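Reader: I'd like to practise reading a model feature by feature. Could you take me through one?

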Amino acid sequence: MRRRNWTEARAKVDQEGRCRVCGSSWRVEAAHVIPRSVAPNGGEHPDSIVPLCGDYVDQDGRAVKGCHSRYDDKSEGLDLRPYLTAGELEAAVAAAGTWGMAQRITGGGRDV
């Protein structure tokens, strides 16, 4: 089994340093634009990854979902399309097979 190389994808997230959606620099994580199961090279290519903030606990002790969890939870309907670069959109279309499927995946799972 080939070991995945996340060096370039992680470097992209570290270089941007902020959540693409809300701009937070707190707990920035590498989020897959499209599922690893359909992404080229298992999702390790930098165009398959975007920086999104992670979950946290607020000052009142309440758990708060970050943008990464909101995107992964398709019921939240977080649409990443406005935050993606042209290269990231192109990679999503190539992996998904059609623009319509790429929109469903990157648009938070909603029908568009």
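Author: We'll go from the overall layout to the core, the salt bridges, the cysteines and one backbone angle.

Author: First, the ground rules. This is a predicted model, so local features need pLDDT of at least 70, side-chain atom pairs count only at pLDDT 80 or more, and totals for chains, interfaces and linings use all residues. Residues are numbered from 1 along each chain as its sequence is written, and side-chain values use heavy atoms, with hydrogens and water left out.

Reader: Fine. How many helices and strands are in the chain?

Author: Helices (H or I, at least four residues) and strands (E, at least two) are DSSP runs, numbered from the N terminus. Here you get four of each, helices and strands, and along the sequence they read α-β-β-β-β-α-α-α.

Reader: And how do I read burial and contacts?

Author: Buried means under 20% relative accessible area, exposed over 50%, and partly exposed in between, with a 1.4 Å probe and protein chains only. On that scale, 39% of the 112 residues count as buried. A contact means heavy atoms within 4.5 Å. Among contacts with a separation of 6 or more, 58% come from residues 24 or more positions apart.

Reader: What about the nonpolar core: which residues have the most contacts inside it?

Author: The general idea is that nonpolar side chains tend to be buried together in soluble globular proteins. A nonpolar core is a set of buried Ala, Val, Leu, Ile, Met, Phe, Trp, Tyr and Cys residues joined through side-chain atoms within 4.5 Å. The largest one here has 15 residues, and Val21, Val50, Leu52, Cys67 and Leu80 have the most contacts inside it. Strand S2 (49–53), helix H2 (67–72) and helix H3 (86–96) each supply at least two of its residues, with S2 giving the most, three. Leaving aside residues up to four places away in sequence, Leu80 touches Val21, Val50, Leu52, Tyr71 and Thr106.

Reader: Now salt bridges. What does the pair Glu88 and Arg20 tie together?

Author: A salt bridge is a side-chain nitrogen of Lys or Arg within 4 Å of a carboxyl oxygen of Asp or Glu, and the count comes to 11. Glu88 and Arg20 form one of them, at 2.8 Å from N to O. Glu88 lies in helix H3 and Arg20 in the loop between H1 and S1, so the pair ties together parts that are 68 residues apart in sequence. Both residues are buried, and they belong to a salt-bridge network with Lys12 and Glu16.

Reader: Is Asp79, in the bridge with Arg81, buried or exposed?

Author: Asp79 is buried, at 17% relative accessible area, and Arg81 is buried at 17% too. Their closest N and O atoms are 2.7 Å apart. Compare Asp60, which counts as exposed at 56%; Asp60 bridges to Arg62 at 3.1 Å.

Reader: Then the cysteines. Why is there no bond between Cys53 and Cys67?

Author: A disulfide is a covalent bond between the sulfur atoms of two cysteines. The rule asks for a pair of cysteine sulfur atoms within 2.5 Å, and the count comes to zero. The sulfur of Cys53 is 3.7 Å from its closest cysteine sulfur, in Cys67, so that is too far for a bond. Cys67 is in no disulfide either, with the nearest cysteine sulfur, that of Cys19, 3.7 Å away. Both cysteines are buried: Cys53 at 6% and Cys67 at 4%.

Reader: Last one: where is Arg27?

Author: Arg27 sits in the loop between helix H1 (7–16) and strand S1 (28–32). Its phi is near 50 degrees, a positive value in a residue other than glycine. Arg27 is partly exposed, at 45% relative accessible area.
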